[in-house]
Amino acid sequence: MQLEDLGWTSFFESQLAALPIGVPEGVPGRVASANHGRFLVWTAEGEVDASVGGGLRKAGGLWPAVGDWVVLRSDEAVIDVVLSRRTCVSRKQPEREVREQVLAANVDVLFIVSGLDHDYNPRRIERFLVMAQESGARPVVLLNKADLAPQLGLELDEVVGRVQQMSQSITVLAISARADGDLDALPAQLAAGETAALIGSSGVGKSTILNRLLGDERQRTTAVRAADSRGRHTTTTRQLFRMPGGWLLMDLPGLREVQLWSSAEQPAQNLEASFDDIQALAASCRFRDCTHTAEPGCAVTSASLDPARLANFQKMQKELAHLERKAIEKSVRNHPKREP
């Protein structure tokens, strides 16, 4: 395998050349899957089953995630270094503790999959779009099961138009993963060596899409419940696949919770950028630091926006503000002010 075929670029090459003195020369590779502290790493020489070295464990730096570029010891299947990420898809861990969960690293395109059955939820799509914008990946919304839309009284062209209006910078594709030819538009979104990831709830058809693109039943699939179109977690690990055409695709387990992530080191910056209409209106607010909640002269709250869309924006705004407060509190605890 050529490293360039796996996504290797000058961004990672420059880091390899600039490793600090004391770090032994090693072999670059990309993490293709992870399972209980073991990592399948793709290198120019082939696949390697690797573990994490003691120095990396003690350093407390980046922990390898699927999609990461790492440096292996030249004489042993041990990861000593995780190279800085070009993009990173993260969420807050679905628990009370405020911690980041890295879902995918170094992704170029994030395929946000929503089923046009009982799974269809515009507010969830908005959350995924914010997550994509924060990650640095380019979002493409896949409205799967387009053939089922009429059963829920959904007019397909109207739904596509409404999703497209969420942000003018996104691409929206209506597909039926089980229909011949409907997936032809997906490979066209990427160049050889680029990486995409499929993200969405369980049962939206991510694994079916992957299998159809591969032309092989590589991932197990199950039927969804008729009452609510919910699926079981048939995909339980994150894994990279090399696709026909030379690009790469990562299938992510279904997400029950789409919690945004923000920290002192990585403050959220793209909430308004993910809401084009709100960003345009915000330019006319009386106060430059308007939060678009209860301030006088707010052009956002006085406009005739979809109330559910505005409420979702405000909810995410509060979540991110809460995370930023927690990050400040943690920083103060870790770096208490010294007495003079």
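Does arginine 123 count as buried, partly exposed or exposed, and at what relative accessibility? Arginine 123 counts as partly exposed, because its relative accessibility is 23%, and buried would require a value under 20%. The model is predicted. The protein chain has 340 residues, of which 46% count as buried. This briefing covers the chain as a whole, then one strand and a loop residue, then the salt bridges.

**Overall make-up**

- The protein chain contains seven helices and 13 strands.
- About 17,300 Å² of the protein chain is exposed, and carbon and sulfur atoms supply 48% of that area.
- Taking contacts between residues at least 6 apart in sequence, 67% join residues at least 24 apart.

**Strand 6 and its partner**

- Strand 6 spans residues 88-92, and five of its five residues are buried, so the strand is largely enclosed by the rest of the structure.
- In a regular strand, side chains alternate between the two faces of the sheet.
- In strand 6, Cys88, Ser90 and Lys92 point one way, while Val89 and Arg91 point the other way.
- Both of these sets are buried, including the charged-type names in the list, Lys92 and Arg91.- Strand 6 pairs with strand 7 (residues 100-105) in the antiparallel sense, over five bridges.
- Within this pairing, serine 90 stands opposite valine 102 of strand 7.

**Alanine 65, a loop residue beside valine 102**

- Alanine 65 is located in the loop between helix 2 (54-59) and strand 4 (69-73).
- Alanine 65 counts as buried because its relative accessibility is 10%, and the cut-off for buried is under 20%.
- Leaving aside residues up to four places away in sequence, alanine 65 touches Val31, Arg85 and Val102.
- Alanine 65 and valine 102 are 37 residues apart in sequence, and their C-alpha atoms are 6.8 Å apart in space.
- Valine 102 is thus named twice here: it stands opposite serine 90, and it is touched by alanine 65.

**Salt bridge between two loops**

- The structure holds 12 salt bridges.
- One of them joins the side chains of lysine 145 and aspartate 117, at 2.9 Å from N to O.
- This pair links distant parts of the chain, 28 residues apart.
- Lysine 145 is in the loop between strand 9 (138-144) and helix 4 (156-164), and aspartate 117 is in the loop between strand 8 (109-115) and helix 3 (122-135).
- Lysine 145 and aspartate 117 are both buried.

**Salt bridges of helix 3**

- The side chains of arginine 123 and glutamate 126 meet in a salt bridge of 2.8 Å, N to O.
- Both residues lie in helix 3, three residues apart, which is about one turn of the helix.
- Glutamate 126 is buried, with a relative accessible area of 2%, whereas arginine 123 is partly exposed at 23%.
- Arg123 and Glu126 also belong to a network of salt bridges that includes Asp277 and Arg309.
- Glutamate 319 forms a salt bridge with arginine 127, with the closest N and O atoms 2.4 Å apart.
- That pair links distant parts of the chain: glutamate 319 is in helix 7 (residues 307-334) and arginine 127 in helix 3, 192 residues apart.
- Glutamate 319 is partly exposed, with a relative accessible area of 23%, while arginine 127 counts as buried at 10% relative accessibility.

How values were computed:
Residues numbered from 1 in each chain as written. Predicted model: local features only at pLDDT ≥ 70, side-chain atom pairs only at ≥ 80, totals over all residues. Heavy atoms only, no water. Buried < 20%, exposed > 50% of the residue type's maximum accessible area, 1.4 Å probe, protein only. Helix = DSSP H or I, 4+ residues; strand = E, 2+ residues; numbered from the N terminus. Pairing = 2+ DSSP bridges. Contact = heavy atoms within 4.5 Å. Areas by Shrake-Rupley, 256 points an atom, 1.4 Å probe, with all protein chains shown as cover. Salt bridge = Lys/Arg side-chain N within 4 Å of Asp/Glu carboxyl O.
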